[in-house]
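Trainee: I'd like to learn how to read a protein fold. Can you take me through one?

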Amino acid sequence: MSRIAVVGLAGRFPGAPGVEALWRVLDEGRETLTVFSEEELRAAGVPSALLADPAYVRSRGLIDGPDRFDAAFFGFNPREADVMDPQHRLLLETAWQALESAGCDPRRYPGLIGVFAGAGSNTYLLFNLARNREVVDAVGMYQAMLGSDGDFLATRVSYKLGLRGPSLTVQTACSTSLVAVHLACQSLLSGESDLALAGGVSIDTPQVAGYVYEPSSVMSPDGHCRAFD
């Protein structure tokens, strides 16, 4: 029987900057969602009419430092990084960290390393770039498209890290990360990859904002998350 080993892990989560911190959160049974005050939401530009809506939920899971990115380390200039979806930036960072965790230097590794990953909707494009045309014009529409389009999520990781295995962007909504792991396992078992990176990323922009609850939707009516409910 063929066996697959998980040899490295990396991640960034609400209230937990790394995998070990996430284990502590789970072990302690803590909820790490952030509930915003009215003052915080007003300062972030949330309209008064929305704040007065009884269905408006003032809660969200926040990732620490989504605006921080070592562009030079990955070979980007600052303008390229400005127009890149923060989800793409975070995936690059955690892919590198996962390889470090595995003790694998992709520049020396002789085998094929595959990438299987997916991301949420690009709200950074909708709420940031679309309202700042001068930023897009400064870098060019084509470069802005490369930094925003989900089609380039996995292939950018492969290109920037010099990986030579298969590179596949996955999009199956809430099951994206699990399907990415499944595809990575299939790639390993078939021999098309010797090592594989698998995962997903989801960052909403703006960070300080809630949402309007809709009956029968997947979002919680009170802001709390109930796994497997």
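Mentor: We'll go through a sheet, a helix beside it and a nonpolar core. Keep in mind that this model is predicted.

Trainee: Let's start with the sheet. What is the order of its three strands?

Mentor: In general, strands of a sheet pair through backbone hydrogen bonds, either parallel or antiparallel. Here the sheet is open, its order is 5-4-6, and the pairing is parallel. Strand 5 (167-169) and strand 6 are the edge strands, each pairing on one side only. On average, neighbouring strands are turned by 10 degrees against each other, if you ignore direction.

Trainee: How many bridges join strand 4 to strand 6?

Mentor: Seven bridges link these two parallel strands. To find a couple on screen, look for Gly 114, whose bridge partner in strand 6 is Ala 196, and for Val 115, which stands opposite Leu 197.

Trainee: Which residues of strand 6 are on its covered face, and which on its uncovered one?

Mentor: The general idea is that in a regular strand the side chains alternate between the two faces of the sheet. In strand 6, the covered face has Leu 195, Leu 197, Gly 199 and Val 201. Ala 196, Ala 198 and Gly 200 make up the uncovered face.

Trainee: Now helix 10. Which of its residues are buried?

Mentor: They are Thr 176, Ala 180, Ala 184 and Ser 187. These four sit on the same side of helix 10 because they cover an arc of only 75 degrees around the axis. Over on the other side, Leu 178 and Leu 189 are exposed.

Trainee: What do the buried residues of helix 10 pack against?

Mentor: Strand 4 (113-119) and strand 6 (195-201). The helix as a whole lies across strand 4, strand 5 and strand 6, running at about 170 degrees to strand 6. Helix 10 covers residues 176-190 and reaches 21 Å from its first C-alpha to its last, close to the 21 Å expected. Right after it comes Gly 191, with a positive phi near 90 degrees.

Trainee: And the core: which residues have the most contacts inside the largest one?

Mentor: That core has 27 residues, and the ones to look for are Leu 99 and Leu 161. Helix 5 gives the most to it, with seven residues. Strand 4, helix 9 (153-161) and strand 6 are also among the elements giving two or more. Click on Leu 161 and you'll find that it touches Phe 74, Ala 95, Trp 96, Leu 99 and Pro 106, leaving out residues up to four places away in sequence.

Technical notes
Residues numbered from 1 in each chain as written. Predicted model: local features only at pLDDT ≥ 70, side-chain atom pairs only at ≥ 80, totals over all residues. Heavy atoms only, no water. Expected span 1.5 Å × (residues − 1). Buried < 20%, exposed > 50% of the residue type's maximum accessible area, 1.4 Å probe, protein only. Arc of directions from axis to C-beta. Contact = heavy atoms within 4.5 Å. Pairing = 2+ DSSP bridges. Core = buried A, V, L, I, M, F, W, Y, C linked by side-chain atoms within 4.5 Å. Axes fitted to C-alpha atoms, helices over the stretch in contact; angles between N-to-C directions.
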